[in-house]
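Me: I'd like to learn how to read this structure, one feature at a time. Can you walk me through it?

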Amino acid sequence: MRFKNKSRNPTTIRCYPGRRCSFSVLLWSLVGCLLLLNLYCFIFEKNAPHGGAHLRINQHQHFRELEEVEEDNIQMPPPRKRSARAAKRKPKRPTTLIEEFLDESSQLRHVFFPGQRTAIDPRRSSNDTYYYYPGRMWLDTEGNPIQAHGGGILHDQRTKMYYWYGEYKDGPTYHAHKNGAARVDVIGVGCYSSKDLWTWKNEGIVLPAEEHNETHDLYKLNVLERPKVIYNEKTGKYVMWMHIDDTNYTKASTGVAISDLPTGPFNYLYSKRPHGYESRDMTLFKDDDGVAYLVYSSEDNSELHIGPLNEEYMDVTQSMRRILVGQHREAPALFKHEGTYYMITSGCTGWAPNEALAHAAESIMGPWETIGNPCIGGNKVFRETTFFAQSTFVLPLPELHGSFIFMADRWNPADLKDSRYVWLPLRVSGPVDQPLEYNFGFPLWSRVSVYWHKRWRLPYRWQEIN
């Protein structure tokens, strides 16, 4: 039974058994806690090295800006004049933007491959310093175009430097036979070093081609693609894996080279078909526990294979899984965020650009789930062509939580040495926008988003953010 209390005592909250404290005391206690918290934050910010707390605030604001959708519409040029007789005989359909991209005589050539006047040049001091311009020519510290195509980046803890390895394609483009793909003779693997991911010094060709020995894997008329380098703490060696092939792409193997230094020279060891299967587009991924994995396109590029390397990183083990079977994906680029593995892949359309897809897995060995196109911004054609580029690597930025750099190549099949680099901010956050293939037992993956920007940069002094 409840009794009505006729006396109106002050509102009280029981703090301890047998004791009462007024609401005003509790209120002032909360105010005191807030003041102490504010004082702590002030002292922390004052004593933070290089203004670290302020940088964190700026970081979040900066990436909110990068996540804003930036549209980019390209006006199609007027159709070329044709004679009335020719037009009547065979009406010409309108050309597509992809066809304009592949046409070396297109009036839009300067849009996809801007000239040297607009190049990213670290030798010039201007308001454009530290800004990335996807698709523009990118010069090294000597003023020469960077030659590191299909490459990847190693952050070396010993030297505190970034090393960018890639295909050195500074030679003439030609076709080995009438129906052959455009190619450049093998020159070797180029290496560039940087402290800020924007100013790159040419460290030379760290794995050169073989000029005369026609039986060597690195003979100049063969194929060397997509070199990746990781460091082995146990052996103290830098280990390079790459796609090795012949002119007709029938060898379909991986090659291995090692070096004592990140700047080489690398000593080429051998090539093989990993796990006994064809291997073409490939990449390496080194996990947090030090185990490294090889991922490669196989079975005529109809599926990907993934498996761990041995402790020395110089061979595969017997363990292997087939993933994305029947999906015809290539150009894999793996990364990890908060315990989940992500991968971006490309379709198989030769030098022509196509739609990227993102995939996710709880275990690197799978199963892998396709979670949709990661590209945001530009326009529909931009998104369906990965901004006229193809994935090659995703670079983690540990100082910027959930942030990465998506690295891609904008191939120029008319002049492969003039192929460009498309670097864009990548974020992992929010729900995916494509229905999952499975109903139960799979987590709700975070969305992988690659944002298009004509001009962007990392937060100021981003390396100082901890």
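Reply: Sure. Let's start with pairing: two strands pair if DSSP finds at least two bridges between them. Keep in mind that this is a predicted model. Here, β17 and β18 (residues 340-347) pair in the antiparallel sense over seven bridges. One such bridge joins Arg 329 to Gly 347 in β18.

Me: How many residues sit between the strands in the hairpin of β17 and β18?

Reply: The hairpin has two residues between its strands, and Glu 338 takes a positive phi near 50° there.

Me: Is β17 mostly covered or mostly open?

Reply: Buried means under 20% relative accessible area. In β17, eight of the nine residues are buried, so the strand is mostly covered.

Me: And how do I read a sheet made of several strands?

Reply: Follow the order of the strands, then look at the ends. In general, side chains in a regular strand alternate between the two faces of the sheet. One open sheet here has five strands, ordered β21-β25-β24-β23-β22, with mixed pairing. The edges are β21 (375-376) and β22 (390-396); each has a single partner strand, so one side of each lacks a neighbour in the sheet.

Me: Which strand does β21 pair with, and in which sense?

Reply: β21 pairs with β25 (residues 446-451) in the parallel sense, over two bridges. Within that pairing, Ile 376 stands opposite Tyr 451.

Me: Now the aromatic rings. How do I read a ring pair?

Reply: Check how far apart the centres are, then the angle between the planes: over 60 degrees counts as edge-to-face, under 30 as stacked, and the rest as tilted. The count for this model comes to 25 aromatic pairs. Take Tyr 165 and Phe 266: their ring centres are 6.2 Å apart with the planes at 85°, so this pair is edge-to-face. Tyr 165 belongs to strand β4 (residues 161-167), while Phe 266 is in the loop between β11 (253-259) and β12 (267-272), so the pair ties together parts 101 residues apart in sequence. Tyr 165 and Phe 266 are both buried.

Me: What about Phe 335 and Phe 404: what kind of pair is that?

Reply: Their planes are at 55° and their centres 4.8 Å apart, so that pair is tilted. Phe 335 sits in β17 (residues 329-337) and Phe 404 in β23 (residues 403-410), so this link ties together parts 69 residues apart in sequence. Both of these residues are buried.

Me: Which residues do ring pairs link into a cluster?

Reply: The cluster holds Phe 101, Phe 112, Phe 113, Phe 382, Phe 387, Phe 388 and Trp 452. A charge can also sit over a ring. The charged end of Arg 136 is over the ring of Tyr 133, 3.8 Å from its centre, and Arg 455 lies over the face of Tyr 131 at 3.6 Å from the ring centre.

Me: How many disulfides does a search of the whole structure find?

Reply: Zero. As for individual cysteines, Cys 191 is buried at 0% relative accessibility, and Cys 375 is buried as well, with a relative accessible area of 5%.

Me: Let's finish with a single residue. Where is Asp 260 found, and what does it touch?

Reply: Asp 260 is in the loop between β11 and β12. With a relative accessible area of 49%, Asp 260 is partly exposed. Leaving out residues up to four places away in sequence, Asp 260 touches Arg 158, Gly 236, Lys 237 and Tyr 238. A polar contact of 2.5 Å joins its side chain to that of Lys 237.

Definitions and conventions:
Residues are numbered from 1 along each chain as its sequence is written. This is a predicted model: local features need pLDDT of at least 70, side-chain atom pairs count only at pLDDT 80 or more; totals for chains, interfaces and linings use all residues. Side-chain values use heavy atoms; hydrogens and water are left out. A disulfide is a pair of cysteine sulfur atoms within 2.5 Å. Buried means under 20% relative accessible area, exposed over 50%, partly exposed in between (1.4 Å probe, protein chains only). Rings of Phe, Tyr and Trp (its six-membered ring) pair if their centres lie within 6.5 Å; planes under 30 degrees apart count as stacked, over 60 as edge-to-face and the rest as tilted. Helices (H or I, at least four residues) and strands (E, at least two) are DSSP runs, numbered from the N terminus. A charge sits over a ring if NZ of Lys or CZ of Arg is within 6 Å of the ring centre and within 35 degrees of the ring normal. Contact means heavy atoms within 4.5 Å. A polar contact is a pair of N or O atoms within 3.5 Å; within protein, one must be able to donate a hydrogen and the other to accept it, and residues adjacent in sequence count only if both atoms are side-chain atoms.
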